[in-house]
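Here is a friendly walk through one protein model, taking in a pair of helices and an annotated site. Have the structure open as you read.

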Amino acid sequence: MSAPGSLRFSTQAIAITAEQEDIQASGERAILIEAAAGTAKTTSLALRICEVLARGATPRRMLALTFTPTACLALRRALQLVAGDSLPHKQVRVETFDSYAASVLRQMEAPADGDDSFTPARLLHSAEQARPYVWAAVDAVADNPQERHAEDLSLPSHGAESYVGEFLRRTQSIKGRLLLELNPPEQGSDSPDYANDELGLDYSLLRVLRAYEHLRLESGYEQPNFRMPLDATYDLARLLRSDSIGGPEELPLGQFDGIFVDEMHDCNEAMFTLLKALLIQPKVYFCAVGDRDQVIHQHFGADARFMSRALDAELGRKLQRLPLSLSFRYGPALAGWMAKLAGKPIAAQKLRQTELLAIACEGAGQPKTAAAVVGALQRWRGEQRKDDVYSDCAVLLRRESQSVLLENALHAQGIAYQCMGFGSYLRRPEVLFVRTVYAIASGRLDTLGGADTRRLIPDALFEMTQTPVLKADDPDYQSAEAFLREARAAAADSEQVVAKIFNQHILDWAPAQVRQRLQNALQTVQAGGDFAAFLAALDMARFGRDVFVEKERRDELRRHMQGLLAASLDYAGVLDFFKSLQAQDEAQAQRVAGRAEGKVRSNKSRPTITLASAAHVKGLEFEHVLLPYLAQGVFPDVEAEAAGEKNLFYVAATRARSRLTLLVNAERPSPFVPPALIARLST
Ligand SMILES: Nc1ncnc2c1ncn2[C@@H]1O[C@H](COP(=O)(O)OP(=O)(O)OP(=O)(O)O)[C@@H](O)[C@H]1O
């Protein structure tokens, strides 16, 4: 491009700064911007994309890559903000690395004309779906007569509780780092020494991983049996590293004139391998932005090395490094605190102010955190004096399960909320399951929820009870999916269908010990037992162990049950609570129907608060951010790696524009909260 001062693209939306102009107009082909949160990295990347477009680039030959769908959303919003309808920016491909990799692999996997035997890779979305493959891999290792180090193997006994979750978690990082591909042993020479010394891995884990990958890729990279999220990135990176291809040109990677990366700090070795292949043509424009203090995906192998000086050598390009010095999002007080936390200079626009409030919770005479959150939101609403204020508020959580009591409190006050990055606990399968069984046991089908909730119930019933969806020889349905599709639609239409599925299908075909517990629970209610007795008869902890493979997920189930019990105390009983949820469903359905018929003037939905895990809002911002449960041991989480926790807190706090409210456990405050704020704690 040409020298600064000769911009082809200009925006009316913001007055761009000299630093932004330098980025937009730079004559260099490869640029890297490392700057703090809120300093306009994404906006400046959007300006650069628009400048390249304004100079005549074909939008479809521009590819912008990120790690998460939220980061894609943030970049799309920034493009829309700066360009509006003045450029065809919607045709620019904005994708996650994984969806881009999947699209390349799909082209390679497409069947030859007339090949009827082709079955596309099964896409797995949860650890539960991967469970049979993991155990098959363990069996394959145990039964391998050619194993040369059998005495060094320590394999889990079949069904061992935490094995599958732990295996999948650890292998994500091995794959993200391409650990096996970067340190390949001689063919067939896996050994305990190689595993320990070269890879830093346990030998048994290495052997099971090899067996699992063999199951996944039996017929070669081109025809995998199944893929988990991020496996597409891994498979494509592995292919690019292998000797089986002469070079990246042999793969259908696409022809691009511009490659742009937002949140470069999330890059891992597998993503970097793709990036390098895309940048093989020296003429391709490249611009990447990131902030190494926002690395929160270490468990996928994210590596700040890809932001460092070493990147030039690794890419074989001289990168121009350009600064962005001031936060546009938050003011000097928050910038000062974040600078101390991150240990680097962070400055902010002087005119911008972000109010820092700290509220004491959970101690004697202090409110519970959930009540304090509701109070802080209501106060904000009172101060703003306009209707739509809640849509710009976000409550950011260290972990999703913290939503339970907050959801109860918001629901009780009639404050609408939306969950981002996770589903409301009230729609999780275990909650829908107990709600359904309790409604049936009590003869109160009217508490099952509106059509949208009832549509989810058949899947929840089958998943939780591990009941086969089809009898092997059922002539009416071609597949379990076809049956479920029909069941969902019928359940949405009528609550009687839900009862029928439960009585005629689940109670008949569930595994014997599940049927027994269901019968116990039904009898408990018929004998006058309350909701707590009903849950005890069901033995929900056992459902957790049988259904979910990750410890975290089982703990979550326990908290969800506690949440239901707590909510039931605020109402005359849990059925009243369920009934109130039903009323909310119906009100929402009416609003949607009213909008469809044009009866509601605004096309905005009812303003809702965003409830999100902090990790899911990276790249976004809100006028008012609330951070609850700031307690020692909770945030930072004692079991998590310290640097990742600090980065996560930095990400969460820097989402705020006008106000950041901290809900602090006054007796055990989080060490992230500075002493000056603790001294000013209010109730
Ligand atoms: N020149 C400008 N004038 C005013 N506001 C601006 C300008 N440039 C960007 N902004 C605004 O600053 C805010 C932060 O920008 P942006 O989201 O691009 O920051 P970021 O560095 O990508 O943040 P993060 O690291 O948190 O993802 C946004 O509201 C954006 O619209």
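At roughly what angle do the axes of helix α5 and helix α9 cross? In this predicted model, the axes of α5 (residues 127–142) and α9 (residues 203–216) cross at roughly 120° and come within 8 Å. That angle makes α5 oblique to α9. The crossing of α5 past α9 is right-handed.

Which residues bring the two helices together? On the α5 side they are Y133, V134, A136, A137, V138, A140 and V141, and they meet R207, V208, A211, Y212 and L215 of α9. By character, the residues of this contact divide into 11 nonpolar, no polar and 1 charged.

Now to the annotated site. An unreviewed UniProt entry lists A35, A36, A37, G38, T39, A40, K41 and T42 under "binding site". Two of the listed residues, A37 and K41, are set out below; the contacts leave aside neighbours up to four places away in sequence.

| Residue | Other C-beta atoms within 10 Å | Contacts |
|---|---|---|
| A37 | 24 atoms | D291, Q294, Y650, V651 and T654 |
| K41 | 26 atoms | I33, A35, V289 and L324 |

A37 sits in the loop between β1 (30–34) and α2 (41–54), while K41 belongs to helix α2. Are these residues buried or exposed? A residue counts as buried when 20 or more other C-beta atoms lie within 10 Å of its own. A37 is therefore buried, with 24 such atoms, and K41 is buried too, with 26. Among the contacts of K41 is A35, which the UniProt entry also lists for the site.

Notes:
Residues are numbered from 1 along each chain as its sequence is written. This is a predicted model: local features need pLDDT of at least 70, side-chain atom pairs count only at pLDDT 80 or more; totals for chains, interfaces and linings use all residues. UniProt positions are given in the numbering used here, feature names are shortened, and annotations may be inferred rather than shown by experiment. Helices (H or I, at least four residues) and strands (E, at least two) are DSSP runs, numbered from the N terminus. A residue is buried if 20 or more other C-beta atoms lie within 10 Å of its own, exposed if 12 or fewer, and partly exposed in between; C-beta atoms are placed from the backbone. Two residues are in contact if their C-beta atoms, placed from the backbone, lie within 7 Å. Axes are lines fitted to C-alpha atoms, for helices over the stretch in contact, and angles run from 0 to 180 degrees between N-to-C directions. Angles under 35 degrees count as roughly parallel, over 145 as roughly antiparallel, 65 to 115 as roughly perpendicular and the rest as oblique. A crossing is left-handed if the near helix is turned anticlockwise from the far one by less than a right angle, and right-handed if clockwise. Ala, Val, Leu, Ile, Met, Phe, Trp, Tyr, Cys and Pro count as nonpolar, Asp, Glu, Lys and Arg as charged, and the others, Gly among them, as polar.
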